[in-house]
Amino acid sequence: MVLVKVEGLFAAVVTPVHEDGRIDFDTFDRVVAFLAGAGVSGICIAGATGEYPHFETADRRALIERAAARLPGGCALLVGIGAPSMRLAVELGRAAIDAGCRALLLPMPMFFRYEQADLAAYAAAVSDTLRAPCLLYNLPAFTNGLEAKTIVGLLNDQEFVVGVKDSSGRMEDLAALQAARGVRPWSLLVGDDRALHAGLEAGWDGGISGVAGFCPELLVGIYRSHTSGQSAEAARLQRLLDELIEQLNPFPTPWGIRIGLAARGLATGPLPLPVTAARQRQLSAFMAWLPGWLARNDLTDAAAGVARS
């Protein structure tokens, strides 16, 4: 078995773009510096928050190299390898391995529907081909979803499947996957921010958070409070996170994350679709609300210095 443990609080990173759609690497650098400075355990690029379906393979390879070169020591790099074909997923995985990432994030195929046995065969084939630590990325809102039984089977049977990021939001699976793990060294990471504290309380190892992509202090606070035995404080911070998520809910993923960064001085470029007048009112209201909410809840605006650099 590949003994790679992934634990801690990881921020999922957006992909900044210029007006013409090219990746804005300079802004990407500033976002990474902001997140690392807030104390995250590492970052995850090219997941749903990074809008991976929008970018060509060459662009994603360049982003992998950039992240690996800019990430400070002590911060781990996780790389999503979702792609429209197994060939492209393997190509991205090899680029990430060569760049020194800690683990690959393997989402299931999107668009077409498959049975669980098909998904298990896909995950087994990709991980065996790459022979590198792979975290299953269960993202049923956007891709084929994995059932808990399928996840456990892959974790038990596949040498290079070392854990799961579960973004299903199925609260019942928190205890079920923890119980199935027993003493085995699987990495269990919460992918739905609403379930972060509950997952940690159930014994999970941490989380990969979209909201941490613009408000890392809050998510880091939940993780550190839990690991230091301050469960009541972690629960209080989770309630704040739930308030923030309620404000984000009207927006398509990951518009709210990008707008939140803009409100903190880190504009990440145009959104992928035209913005209607009604949407613009929502965006403006959120950007006006966020700074006051951060100040009222003593969440430091560490992004300001990064934005000016």
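## Helix packing and buried sites

Beyond its neighbours within four places in sequence, D29 is in contact with R66 and R70. This is a predicted model. D29 sits in helix α1, which covers residues 25-37. Is D29 buried or exposed? Its relative accessibility is 16%, so D29 counts as buried, the cut-off being under 20%.

### α1 against α2

The contacts of D29 belong to a helix pair. The axes of α1 and α2 come within 10 Å and cross at roughly 40°. That angle makes α1 oblique to α2. The crossing of α1 past α2 is right-handed. From α1, the contact uses F25, D26, F28 and D29. From α2, it uses A62, L63, R66, A67 and R70. D29 and both of its arginine partners, R66 and R70, are thus on the list. By class, the contact residues divide into five nonpolar, no polar and four charged.

A general point helps in reading such lists. An α-helix has 3.6 residues a turn, so residues three or four places apart point the same way.

### α3 against α4

Next comes the pair α3 and α4. Helix α3 spans residues 86-99, and helix α4 spans residues 116-130. Their axes come within 10 Å and cross at roughly 40°. α3 and α4 are therefore oblique to each other. The crossing is right-handed. Which residues of α3 meet α4? They are M86, A89, V90, G93, R94 and I97. Facing them in α4 are Y122, A125, V126, T129 and L130. The residues of this contact divide into eight nonpolar, two polar and one charged.

### α9 against α11

A third pair joins α9 to helix α11, residues 277-296. These helices pack at an angle of about 170°, with their axes 11 Å apart. α9 and α11 are therefore roughly antiparallel to each other. On the α9 side, the contact is made by L240, E243, L244, Q247 and L248. On the α11 side, it is made by F286, W289, L290 and W293. By class, this contact has seven nonpolar, one polar and one charged residues.

The three pairs can be set side by side.

| Helix pair | Angle | Axes | Contact residues by class |
|---|---|---|---|
| α1 and α2 | roughly 40° | within 10 Å | five nonpolar, no polar, four charged |
| α3 and α4 | roughly 40° | within 10 Å | eight nonpolar, two polar, one charged |
| α9 and α11 | about 170° | 11 Å apart | seven nonpolar, one polar, one charged |

### A buried residue in α9

A234 also belongs to α9, which covers residues 231-248. A234 is buried, with a relative accessible area of 0%. What does A234 touch, not counting residues up to four places away in sequence? The answer is H197, I222, S225 and H226. L196 is 38 residues from A234 in sequence, and the C-alpha to C-alpha distance is 9.7 Å.

### α5 and its cover

Helix α5 runs over residues 148-157 and holds T150. T150 is buried, with a relative accessible area of 13%. Leaving aside its neighbours within four places in sequence, T150 is in contact with Q116 and A120. With Q116 there is a side-chain polar contact of 2.6 Å.

T150 has buried company in α5: I151, V152, L154 and L155 are buried too. What covers the buried residues of α5? The cover includes α4, β5 (134-138), β6 (161-166) and α6 (172-181).

### Backbone details in the loops

Most residues other than glycine have a negative phi, and most peptide bonds are trans. Three loop sites depart from those patterns.

E51 has a positive phi, near 55°. Its loop lies between β2 (42-45) and α2 (57-70). E51 is buried, with a relative accessible area of 6%.

F111 also has a positive phi, near 75°. Its place is in the loop between β4 (103-107) and α4. F111 counts as exposed, at 66% relative accessibility.

The third site is a peptide bond. T253 and P254 are joined by a cis bond, with omega about -10°. P254 lies in the loop between α9 and α10 (255-263).

Definitions and conventions: Residues numbered from 1 in each chain as written. Predicted model: local features only at pLDDT ≥ 70, side-chain atom pairs only at ≥ 80, totals over all residues. Heavy atoms only, no water. Buried < 20%, exposed > 50% of the residue type's maximum accessible area, 1.4 Å probe, protein only. Polar contact = N/O pair within 3.5 Å; in protein donor to acceptor, adjacent residues only side chain to side chain. Contact = heavy atoms within 4.5 Å. Axes fitted to C-alpha atoms, helices over the stretch in contact; angles between N-to-C directions. Parallel < 35°, antiparallel > 145°, perpendicular 65-115°, else oblique. Left-handed = near helix turned anticlockwise from the far one by under 90°. Nonpolar A, V, L, I, M, F, W, Y, C, P; charged D, E, K, R; others polar.
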